[in-house]
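Biologist: I would like to learn how to read helix packing and backbone features from a model, one feature at a time. Could we work through them together?

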Amino acid sequence: MENINYCNCCAVKYEAMDAFCNACGFPLQGTKQEQDFYISERNVKEIELIDLDEKVERARRSLYWISGLTLFSLVFVVFKPSPDEDVSFLVITTLILSTAFLGLAVWGKTRTSTALISGLSLYLIIHILNAILDPRTILSGIIVKVVIIVYLVKGIKSVIEREKIKKELNLI
Ligand SMILES: [Zn+2]
């Protein structure tokens, strides 16, 4: 009968000759101290991962906020001081944008990093274009704009960090 060994850390089978677990990297032939150290390091990373998951989720949900704020900005478009101006183009593009951000928020449930990066790019492109077409738009709602950009950038950073830790934990 062949002796079957299971990793102390992740419970995956290993061969008696293996120095490290193929699944999690646990030092199978290491001293008790090395093994304990490995497990405590891993626990720290797992806690970090939970924290990062929350940060990423919050960033994803901010895409709903962007969608809502974009829709809300229609109030200023429709009630412009110069009523003669044709705003139909602006109304249509605003509606499309709001829908796009809503779509990214939903899509982000499965492809978070791509959705956040697309969201940030889309947001920057619109506001740069707006600023070129009408420089007066630069300052309107500047605080909201900065907050949204910072939030999305932080979210993307958390996604990158999360991927790194997942790799270190051999989760991907
Ligand atoms: Zn293992």
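Modeller: The turns below take up a helix, a pair of helices, one residue and one loop.

Modeller: This is a predicted model, in which local features need pLDDT of at least 70 and side-chain atom pairs count only at pLDDT 80 or more, while totals for chains, interfaces and linings use all residues. Residues are numbered from 1 along each chain as its sequence is written, and side-chain values use heavy atoms, with hydrogens and water left out.

Biologist: What span should helix α4 have, and how far apart are its end C-alpha atoms?

Modeller: Helices are DSSP runs of H or I with at least four residues, and strands are runs of E with at least two, numbered from the N terminus. The expected span of a helix is 1.5 Å times one less than its number of residues; for the 22 residues of α4 (residues 112–133) that gives 32 Å, which agrees with the 31 Å between its end C-alpha atoms.

Biologist: Which residues of α4 are buried?

Modeller: Buried means under 20% relative accessible area, exposed over 50% and partly exposed in between, with a 1.4 Å probe and protein chains only. In α4 the buried residues are Thr 112, Ala 115, Leu 116, Gly 119, Leu 120, Tyr 123 and Ile 126. Seen down the axis, the buried residues of α4 fall within an arc of 135°, so they line one face of the helix, the arc being that of the directions from the helix axis to the C-beta atoms. Ile 128, Ile 132 and Leu 133 are exposed on the other side of α4.

Biologist: Against which helices do the buried residues of α4 pack?

Modeller: They pack against α1 (32–72), α3 (88–107) and α5, where contact means heavy atoms within 4.5 Å.

Biologist: How do the axes of α1 and α3 cross?

Modeller: Two packed helices are described by the angle between their axes and the distance between the axes. Axes are lines fitted to C-alpha atoms, for helices over the stretch in contact, with angles from 0 to 180 degrees between N-to-C directions. The axes of α1 and α3 come within 8 Å and cross at roughly 165°. That makes α1 roughly antiparallel to α3, a term for angles over 145 degrees.

Biologist: Where is Tyr 151?

Modeller: Tyr 151 is in helix α5 (residues 142–168) and is partly exposed, at 36% relative accessible area. Beyond its neighbours within four places in sequence, Tyr 151 is in contact with Arg 58, Ala 59 and Ser 62.

Biologist: What is the phi of Ala 11?

Modeller: Most residues other than glycine have a negative phi. Ala 11 has a positive phi, near 70°, and lies in the loop between β1 (5–6) and β2 (13–14).

Technical notes
Angles under 35 degrees count as roughly parallel, over 145 as roughly antiparallel, 65 to 115 as roughly perpendicular and the rest as oblique.
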